[in-house]
Amino acid sequence: MSEHSDSPTGLSATDIARRLRDSRPARWNDEGVRALVAAFPEGTAKPRPVGERERRYTDGEEYLEVAVPVREAEPGTAAQTQAFAEVRAELTGNLGKPSILGSHGTMAPYFGRVPAWGAPFMRWRGERTTLELRAGEKGPELVLQPTDPAEYWFSSQGHGEEHAISGYFGYRRHPSNAGLDFPGDWYARSWGTVESALADFLGALPAETAALGVTIAAPFYGGGPLLFDVFSADRLVLACFAEGDQSGHGWGTAADHPASRVHWDDDDDPAWRFDAGGPGEPDGRQLARMLVNTAKEAGVTSPHNLLLGGEATRVGDYYVTFYGLGLKVA
């Protein structure tokens, strides 16, 4: 697997990953983290100390993580997506498939900030420490963190309030995931909540799937029949199966959206489509409004009756929960 470096460290992604793993501290205190930081050029490894808000999730740790920039990329979505994808390809080629992958959505671990273009992540989980590739402010970064606090923080967000958790979380059946805990779901109580959740999900989706190298195919049911199909790899396309003329809500035909033929080659089934574009191109709010208005006109009387198809929860080798949507799974 090709390795190169545009990192301030002067190291390849694989070298950074191995150095983080080899230097992992026995204890996440000043002494242990200082030794880990010293394994990298001065100023490149950024430790994050435990603050008052995070202390409830820890058990004696004084630091939550150490982050190291892997590559700096131009600020646009396309460049950030490409940089993440290249690092992901290198790391999976040299370290193997990650234990976990997904998106942090609008809420980074411990309520940190996420980039506007998307928040994909991949983790190589260990019993004591976990290595994560995540989207950073200027480009992808590798993060070493004690496993328990990060997972306890995540599981603690399953308190059921609307928007309690955003993004989506996928794991594969592998010994490294033994003992993994999962938070409870939350469910949307209003169409406004559904619309905002869909907007966050769809706006970043093609950038995140392209960065992660996965395909998400998500059917939505209107309390029974198939209503929508959402397909995202390096491009996001949507289909509508509602009866009648749907052009008033913004849907078009295969002739209007020829890229949709890659996924649905029969121009009449589905009759209504929308090509939302590649990384950085979808208007999440527009798409969410289109879906919600169509669903309501099609007779879906409540957010509780708009269901995510269970088919969406298998993404390659990974079992995925779409926490950020707030929808029940059919």
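Y57 and Y110 are both buried in this predicted model, and they make a good place to start looking. Their ring centres lie 6.5 Å apart with the planes at 50°. Ring planes under 30 degrees apart count as stacked and those over 60 as edge-to-face, the rest being tilted, so the Y57 and Y110 pair is tilted. Follow the chain and you will see that this pair links distant parts of it. Y57 sits in the loop between β1 (46-49) and β2, while Y110 sits in the loop between β3 (100-103) and β4 (120-124), and 53 residues separate the two.

Next, turn to F228 and W251, an aromatic pair that is stacked, with 5.9 Å from centre to centre and 15° between the planes. Here too, distant parts of the chain are linked: F228 belongs to strand β9 (residues 226-232), and W251 lies in the loop between β10 (236-240) and β11 (272-277), 23 residues apart. Buried means under 20% relative accessible area. F228 has a relative accessibility of 2%, so this residue counts as buried. W251 counts as buried as well, because its relative accessibility is 3%.

These pairs are part of a wider picture, since the whole structure holds 14 aromatic pairs. Ring pairs also join F121, F154, F169, Y171, F182, Y319 and Y323 into a cluster. One member of that cluster, Y319, has R314 over the face of its ring, at 4.4 Å from the ring centre. Elsewhere, K328 lies over the face of Y187, at 5.6 Å from the ring centre.

Now for the helices. Two packed helices are described by the angle between their axes and the distance between the axes. For helix α1 (residues 13-22) and α3, the angle is about 55° and the axes are 9 Å apart. That angle makes α1 oblique to α3, and the crossing of the two is right-handed. Which residues meet where α1 and α3 come together? On the α1 side they are A13, T14, A17, R18 and R21, and on the α3 side they are V87, E90, L91, N94 and L95.

Finally, look at G76, in the loop between β2 (63-69) and α3 (77-95). Is G76 buried, partly exposed or exposed? With a relative accessible area of 38%, G76 is partly exposed, because the value falls between the 20% limit for buried and the 50% limit for exposed. From G76 to L95 there are 19 residues in sequence and 28 Å in space, taken C-alpha to C-alpha. L95 is also one of the α3 residues that meet α1.

Terms used. Residues are numbered from 1 along each chain as its sequence is written. This is a predicted model: local features need pLDDT of at least 70, side-chain atom pairs count only at pLDDT 80 or more; totals for chains, interfaces and linings use all residues. Side-chain values use heavy atoms; hydrogens and water are left out. Helices (H or I, at least four residues) and strands (E, at least two) are DSSP runs, numbered from the N terminus. Buried means under 20% relative accessible area, exposed over 50%, partly exposed in between (1.4 Å probe, protein chains only). Rings of Phe, Tyr and Trp (its six-membered ring) pair if their centres lie within 6.5 Å; planes under 30 degrees apart count as stacked, over 60 as edge-to-face and the rest as tilted. A charge sits over a ring if NZ of Lys or CZ of Arg is within 6 Å of the ring centre and within 35 degrees of the ring normal. Axes are lines fitted to C-alpha atoms, for helices over the stretch in contact, and angles run from 0 to 180 degrees between N-to-C directions. Angles under 35 degrees count as roughly parallel, over 145 as roughly antiparallel, 65 to 115 as roughly perpendicular and the rest as oblique. A crossing is left-handed if the near helix is turned anticlockwise from the far one by less than a right angle, and right-handed if clockwise. Contact means heavy atoms within 4.5 Å.
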